[in-house]
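User: Hey, can you walk me through this protein? I'm new to reading structures.
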Amino acid sequence: MRIIQEPKNFEEENWKYLAVGYYKGKAILKDEMENLFYMECKEAEAPIGTMVSEGVSVLPVEVLDKDERAEIMRIYQEE
């Protein structure tokens, strides 16, 4: 897993997802288009504000069961 917390030495930012929260063993992530994703990990591995690169086991929230997906979307999706 590659998690970038801040670029160093003028590196180009190479991230696709931003951790916006945590829900029942899942880091909740958003991409540039505000789509919601998740990855299963401990909260300390991807605290809020962590940038996560491509190639990490990230899945769209649509694959979760209906109730869990609805709760995540209620909490993290802007209206």
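Analyst: Sure, let's go through the fold, the core and the charged pairs.

Analyst: One caution before that: this is a predicted model, where local features need pLDDT of at least 70, side-chain atom pairs count only at pLDDT 80 or more, and totals for chains, interfaces and linings use all residues. Residues are numbered from 1 along each chain as its sequence is written, and side-chain values use heavy atoms, with hydrogens and water left out.

User: Okay, how many helices and strands does the protein chain have?

Analyst: One helix and six strands, in the order β-β-β-β-β-β-α along the sequence. Both kinds are DSSP runs numbered from the N terminus: helices are H or I with at least four residues, strands are E with at least two.

User: Which way do β3 and β4 run relative to each other, parallel or antiparallel?

Analyst: Antiparallel, with five bridges joining them. Strands count as paired if DSSP finds at least two bridges between them. β3 and β4 form a hairpin with five residues between them, and K30 has L36 in β4 as its bridge partner.

User: What else does β4 pair with?

Analyst: β4 also pairs with β6 (residues 59–60), in the antiparallel sense over two bridges. There, Y38 stands opposite L59 in β6.

User: Now the inside. How much of the protein chain is buried?

Analyst: Buried residues are 35% of the 79 in the protein chain. Buried means under 20% relative accessible area, exposed means over 50%, and partly exposed is in between, using a 1.4 Å probe and protein chains only. In β4, four of the five residues are buried.

User: Which residues make up the largest nonpolar core?

Analyst: There are eleven: Y17, A19, A27, L29, F37, M39, C41, A46, V52, V56 and V58. β2, β3 and β4 each supply at least two residues of this core. A nonpolar core here is a set of buried Ala, Val, Leu, Ile, Met, Phe, Trp, Tyr and Cys residues joined through side-chain atoms within 4.5 Å. Apart from the largest core lies another of eight residues, including L36, V61, L64 and I72.

User: What does A19 touch?

Analyst: Leaving out residues up to four places away in sequence, A19 touches I28, L29, A46, P47, I48, G49 and T50. Contact means heavy atoms within 4.5 Å.

User: Switching topic: how many salt bridges are there?

Analyst: Three in the whole structure. A salt bridge is a side-chain nitrogen of Lys or Arg within 4 Å of a carboxyl oxygen of Asp or Glu. One of them joins E68 and K26, at 2.9 Å from N to O. E68 lies in helix α1 (residues 66–76) and K26 in strand β3, so the pair ties together parts that are 42 residues apart in sequence. Both E68 and K26 are buried.

User: And what about R74 and E71?

Analyst: Their closest N and O atoms are 2.7 Å apart. R74 and E71 both sit in helix α1, three residues apart, which is about one turn of the helix. R74 is exposed at 55% relative accessibility, while E71 is partly exposed at 26%.

User: Which residue does K30 form a salt bridge with?

Analyst: K30 pairs with E34, the closest N and O atoms being 3.2 Å apart. K30 is buried, with a relative accessible area of 10%, whereas E34 is partly exposed at 40%.

User: What's the phi of E34 like?

Analyst: It's positive, near 70 degrees, in a residue other than glycine. E34 sits in the loop between β3 and β4 (36–40).

User: And what's the phi of K24?

Analyst: About 45 degrees, so to speak a positive value, although K24 is not a glycine. K24 is in the loop between β2 (17–23) and β3 (26–30), and K24 is exposed, with a relative accessible area of 65%.
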